[in-house]
Amino acid sequence: MTSTLFTGGTVVDGTLAQPSVADVLVVDGRVEQVGPGLGVEADRVVDCTGQTVTPGLFDCHVHVMFEQPSMVRILQTPFSLPFFEAAGRLRRTLATGITWVRDAGGADLGVAEAVRRGLTPGPRMQIAINLISQTGGHGDDWQLCGAHVGLMPEHPGCPSAVVDGPVEMRKKVRELIRAGADVLKVATSGGVLSPRSNPLHGHLRDDEIDALVSEASAAGLHVMAHAQATDGIKAAVRGGIRSIEHGIYLDDEAIEMMLDRGTWLVPTLLAPRAVLAQADAGIPLPDAVVAKARMVSEAHDDSVRRAIEAGVKVAMGTDSGVGEHGTNLDELAIMRDLGMSEIEAWHATTRVAAELLGVEEDYGTLEPGKVGDVVVLDGAYDDLAGLGDRVRSVWLAGEPTPEREPVVT
Ligand SMILES: [Zn+2]
């Protein structure tokens, strides 16, 4: 039996409860007690005075197989190098307190298994493997020169996912499930990083989306939709897709539909900011990509602000990979700036996200019985500036992770 007592920190428990100073006792990997001045003995005591204690944090949209991609970099990257690079990115993600991620395309079963088997430290993972997309859609790697070059090169663990028509859709979903998908990802609109797709256009028709959702549901899996265009968002919600990723052009009707269906929004506010920062830093990006990033940026903030105000369920996601891995916690301050309270931003990064991933029975809050994934940060919970630099220790099931050495007495 191993027990760890986190004493005297301000506990943000993942619910919307007002944070207060309390102790957290984790025994054999599970939270046993949370409360002020527990006064119990434990094998390890972590003094969290003046610090904030949270459940393990979630990022519902990352891509560990790439990072700040440019066409020049993609063309010069040996095929297997990203598998090794992913290990470092997973470590950085875990070190910033993210203990659960959804990889929204790129990571295959081998990457997820390497983490699950403890070969490489990283957050717990759900993987989408590849992005299902129509011909000419956001996941179609066809370039203007006629070559196929993309963010996620096709290989046996990551089959191409371009489909047209419900029959091809059914087969592709089954193929991705066979390859190890924990969640299906689809592009119901164009996007920013693809060469020819338009973020203003809805992609795939209702019969194709219906085939996708029915096949995924039959396997007990959820679907996440890259959806930027208003049409594409509505088609996804209508089709019963669980989360809208990005949600750049949300009109009032789309917001109303999401509220009715209980659809989650994963805003990824860091992503367009990262693309524009890279362009400003002189990283060679295709002209069309930069123009699209500028076009969507303002509309995105406005849509997310209105969705938050209306009470749409928002789960934290960053699209890390588009920008730098390990900067995930910068998303919280942006969500706050667009209308969330600080406690709501933490809630979106814990309990709400755990529900989206369907793991809320075991994760997402610090309550007795939950898995002891714990993050300790310097400073106050309502100061969201520079959170990434304030992470002091990260624990998975009551054990410290190697990237941050906790002070234990
Ligand atoms: Zn993405």
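These notebook entries record what I looked up in a predicted model of one chain.

**Entry 1. Domains**

I began with the division of the chain. It is split into domain 1 (3-55 + 364-400) and domain 2 (57-328). I noted that domain 1 is written as two stretches of sequence, 3-55 and 364-400. Taken over C-alpha atoms, the centres of domain 1 and domain 2 are separated by 31 Å. I then looked up the contacts between them: seven residues of domain 1 are in contact with eight residues of domain 2. On the side of domain 1 that touches domain 2, the largest share comes from strand β16 (residues 391-396), which gives three residues.

**Entry 2. Strand β1 and its partners**

I turned next to strand β1 (residues 3-11). Seven of its nine residues are buried, so β1 is largely enclosed by the rest of the structure. Which strands pair with β1? I found strand β2 (residues 20-27), joined in the antiparallel sense over seven bridges. I also found strand β4 (residues 44-47), which runs parallel to β1 and is joined by four bridges. Strand β5 (residues 51-55) is parallel to β1 as well, with two bridges.

I recorded one residue pair for each partner strand. L5 stands opposite L25 in β2. T7 has D47 as its bridge partner in β4. For T10, the bridge partner in β5 is T52.

**Entry 3. Residue G35**

I located G35 in strand β3 (residues 30-35). Is G35 buried, partly exposed or exposed? I counted 13 other C-beta atoms within 10 Å, and G35 is therefore partly exposed; a residue needs 20 or more to be buried, and 12 or fewer to be exposed. Leaving aside neighbours within four places in sequence, G35 is in contact with A22 and D23. G35 and D23 are 12 residues apart in sequence, and their C-alpha atoms are 5.4 Å apart in space.

**Entry 4. The sheet of three strands**

I looked up an open sheet of three strands, whose order is β6-β7-β8 and whose pairing is parallel. At its edges are β6 (57-62) and β8 (124-127), each of which pairs on one side only. From one strand to the next, the twist averages 15°. Strand β7 (residues 98-103) runs parallel to β8 and is joined to β8 by four bridges. One residue pair I noted here is V101 with its bridge partner M125 in β8.

**Entry 5. The sheet of six strands**

I found a further open sheet, made of six strands in the order β9-β10-β11-β12-β13-β14, with parallel pairing. Why do β9 and β14 (313-314) each have one side without a neighbour in the sheet? Both stand at the edges with a single partner strand, so one side of each is left open in that sense. Within this sheet, strand β12 (residues 243-246) and strand β13 (residues 264-266) pair in the parallel sense over three bridges. I244 stands opposite L265 in β13.

**Entry 6. Helix α5**

I examined helix α5 (residues 206-218), which has 13 residues. From its first C-alpha to its last it reaches 18 Å, close to the 18 Å expected at 1.5 Å a residue. The buried residues I listed in α5 are E208, I209, A211, L212, V213, E215 and A216. What covers them includes β9 (131-132), α4 (166-178), β10 (184-187), β11 (223-227) and α6 (230-238). Just after α5, G220 takes a positive phi of about 75°.

**Entry 7. Helix α6**

I moved on to α6. Seven of the nine residues of α6 are buried, so this helix is largely enclosed by the rest of the structure. The buried residues are T230, G232, I233, K234, A235, A236 and V237. They pack against α5, β11, β12 and α7 (252-261). Just after α6, G240 takes a positive phi of about 85°.

**Entry 8. The largest nonpolar core**

I closed with the largest nonpolar core, which holds 121 residues. Which members touch the most other members? They are V24, L184, L212, A315 and A353. Domain 1 and domain 2 both give residues to this core, so it lies between them. I followed L212 further: not counting residues up to four places away in sequence, L212 touches I132, M169, V173, L184, V186 and V223.

How values were computed:
Residues are numbered from 1 along each chain as its sequence is written. This is a predicted model: local features need pLDDT of at least 70, side-chain atom pairs count only at pLDDT 80 or more; totals for chains, interfaces and linings use all residues. The expected span of a helix is 1.5 Å times one less than its number of residues. Two residues are in contact if their C-beta atoms, placed from the backbone, lie within 7 Å. A nonpolar core is a set of buried Ala, Val, Leu, Ile, Met, Phe, Trp, Tyr and Cys residues joined through C-beta atoms within 7 Å. Domain bounds come from an automatic or database domain assignment. Two strands pair if DSSP finds at least two bridges between them. Axes are lines fitted to C-alpha atoms, for helices over the stretch in contact, and angles run from 0 to 180 degrees between N-to-C directions.
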